[in-house]
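Colleague: I am new to this structure and would like to understand one part of it properly before I turn to the rest. Could you set the scene for me, and then take a careful look at that part?

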Amino acid sequence: MAIDAPVARPANPRFSSGPCAKIPTFSLDKLADAPLGRSHRAAVGKAKLKAAIETTREVLGIPADYRIGIVPASDTGAVEMAMWSLLGARKAEMLAWESFGSGWVTDVVKQLKIDAEVKTAGYGEIVDLASVDFNNDVVFTWNGTTSGVRVPNGDWIPADRDGLTICDATSAAFAMDLPWDKLDVTTFSWQKVLGGEAAHGMLVLSPRAVERLESYTPAWPMPKIFRMTKGGKLIEGIFVGETINTPSMLAVEDYLVALDWAKSVGGLKGLIARADANTAAIAAFVDSHDWIEFLAADPAIRSNTSVCVKFTDPRITDGAVFAKAVAKRLENEGVALDVGAYRDAPAGLRIWCGGTVETSDIEALMPWLNWAFEAEIAAL
């Protein structure tokens, strides 16, 4: 039987998994200090870019001897730069458990044509991490944005590995504790956990990755936008704010504002706690309703940012149609925007729970989810 619509509504209905919700204190006037109309190569531009790099290092606890660069084309650009520049020196091991990881497999195997061992798992699962051979270069996503799964920790990565680890951490950075000593290349974008603007990516290189860059030249031509070395030496300017191409200084300012907010809520620990609290609110709802489950059945590998759920009621005959109808009903009510599952993922909903989302909004959404479910069941 259909139930009455709830009274309370989320103050912010934006639960998109990218671009994600802005910081709770966001307003356009906070960007007033952006050096608009100025060259990014001017002193003021360089200072802003360097501040973005060093504040990222501070908040995430990135070691002092790791290089951090701002690169074009968001997280995708950062991953592609890493793969095109570093892979091919030894066999690769590609780990994929969702659509973006599968995309990296395609690029390595079909485009770069590198000898690779490919290991895949279905949505909601991850591969057997104990089977990974670290004599190879290993490419993986820390958090599966489209599948709601994550690796539980870095214990499966040995300290004395011969190959490099290349980690797409775009929906993990600023929400999960990344073990930097286990990661040689780490990438993410501003548009995920801190709710920044799109188009800019971050590339973090360990000393081992720098050594590979300076000692290995790939067999294929290297596009200018991917080049990180010149004459066999790292182009250090990239990692102090001298970007390869022109960045948006407005987006840089927005990222700096978000980083300052992150520090105000307790830095990385505070951000993780906010994401965990958001996910716990959904878990409490799932535990008390028998028609919904997490796509990731194992709590140990369940994401605390891109939380994916599925409908399990036996009365549902077409899961995709039903899930889309629920998402549409929530959108029409203005209580949840962009919560449909990713197009290649199993039918269900995907609710962003990163630290820029308020737990009170997640809690207010849950009764609406119950209402939308009952309304669609009644409409069957």
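What share of the 380 residues of the chain counts as buried? With that as background, please look closely at helix H2: which of its residues are buried?

Modeller: Please keep in mind from the start that this is a predicted model. In the chain as a whole, 58% of the 380 residues count as buried. The chain is built with eight helices and 14 strands. Its radius of gyration is 21 Å, close to the 21 Å that the globule rule gives for 380 residues, so the chain is as compact as a globular protein of that length. Along the principal axes, its C-alpha atoms fill a box of roughly 70 × 50 × 30 Å. Among contacts in the chain with a separation of 6 or more, 73% are between residues 24 or more positions apart. As for the surface, the chain exposes about 15500 Å², of which carbon and sulfur atoms supply 51%.

Against that background, H2 covers residues 74-86. Its 13 residues should span 18 Å at 1.5 Å a residue, and its end C-alpha atoms are 19 Å apart, which agrees. Of those 13 residues, 11 are buried, so H2 is largely enclosed by the rest of the structure. The buried residues are Ser74, Asp75, Gly77, Ala78, Val79, Glu80, Met81, Ala82, Met83, Ser85 and Leu86. A general point about helices helps in reading such a list: an α-helix has 3.6 residues a turn, so residues three or four places apart point the same way.

Serine 74, which lies in H2, deserves a separate look, for it has a positive phi of about 60° although it is not a glycine. With a relative accessibility of 11%, serine 74 counts as buried, the cut-off being under 20%. After the helix comes glycine 88, whose phi is also positive, near 110°.

What lies around H2 can be approached from its neighbours. One of them is helix H3, which runs over residues 99-111 and reaches 17 Å from its first C-alpha to its last, close to the 18 Å expected for its 13 residues at 1.5 Å a residue. Its buried residues are Ser99, Gly101, Trp104, Val105, Asp107 and Val108, and these pack against H2 as well as against strands S2 (92-96), S3 (116-120), S4 (137-141) and S7 (165-168).

Another approach to H2 is through leucine 203, which is found in strand S9, residues 200-205. Leucine 203 is buried, with a relative accessible area of 0%. Although leucine 203 and valine 79 are 124 residues apart along the chain, their C-alpha atoms are separated by 8.0 Å. Leaving aside neighbours within four places in sequence, the residues in contact with leucine 203 include Ala78, Met81 and Ala82, which are among the buried residues of H2. Other contacts of leucine 203, counted in the same way, include Arg67, Ile68, Gly69 and Val71, together with Val185, Thr186, Thr187, Met228 and Phe239.

Strand S9 also leads on to helix H1, since the buried residues of H1 pack against S9, strand S1 (67-72), strand S8 (185-189), H5 and helix H6 (267-287). H1 itself, residues 43-60, has 18 residues and reaches 26 Å from its first C-alpha to its last, close to the 26 Å expected at 1.5 Å a residue. Just after H1, glycine 61 takes a positive phi of about 70°.

For a contrast with leucine 203, consider leucine 250, which lies in helix H5. Leucine 250 is partly exposed, with a relative accessible area of 39%. Leucine 250 and valine 79 are 171 residues apart in sequence and 24 Å apart in space, C-alpha to C-alpha. Beyond four places in sequence, the contacts of leucine 250 are with Leu31, Ala34 and Leu36, and this list holds no residue of H2. Glutamate 253, also in H5, is by contrast buried, with a relative accessible area of 6%. Its contacts, not counting residues up to four places away in sequence, are with Lys30, Leu31, Asp33, Ala34, Pro35 and Lys48, and Lys48 is one of the buried residues of H1.

Methods:
Residues are numbered from 1 along each chain as its sequence is written. This is a predicted model: local features need pLDDT of at least 70, side-chain atom pairs count only at pLDDT 80 or more; totals for chains, interfaces and linings use all residues. Side-chain values use heavy atoms; hydrogens and water are left out. Helices (H or I, at least four residues) and strands (E, at least two) are DSSP runs, numbered from the N terminus. The radius of gyration is taken over C-alpha atoms; the globule rule is 2.2 Å times the number of residues to the power 0.38. Buried means under 20% relative accessible area, exposed over 50%, partly exposed in between (1.4 Å probe, protein chains only). Contact means heavy atoms within 4.5 Å. Accessible areas come from the Shrake-Rupley method with a 1.4 Å probe; for residues, only the protein chains shown count as cover. The expected span of a helix is 1.5 Å times one less than its number of residues.
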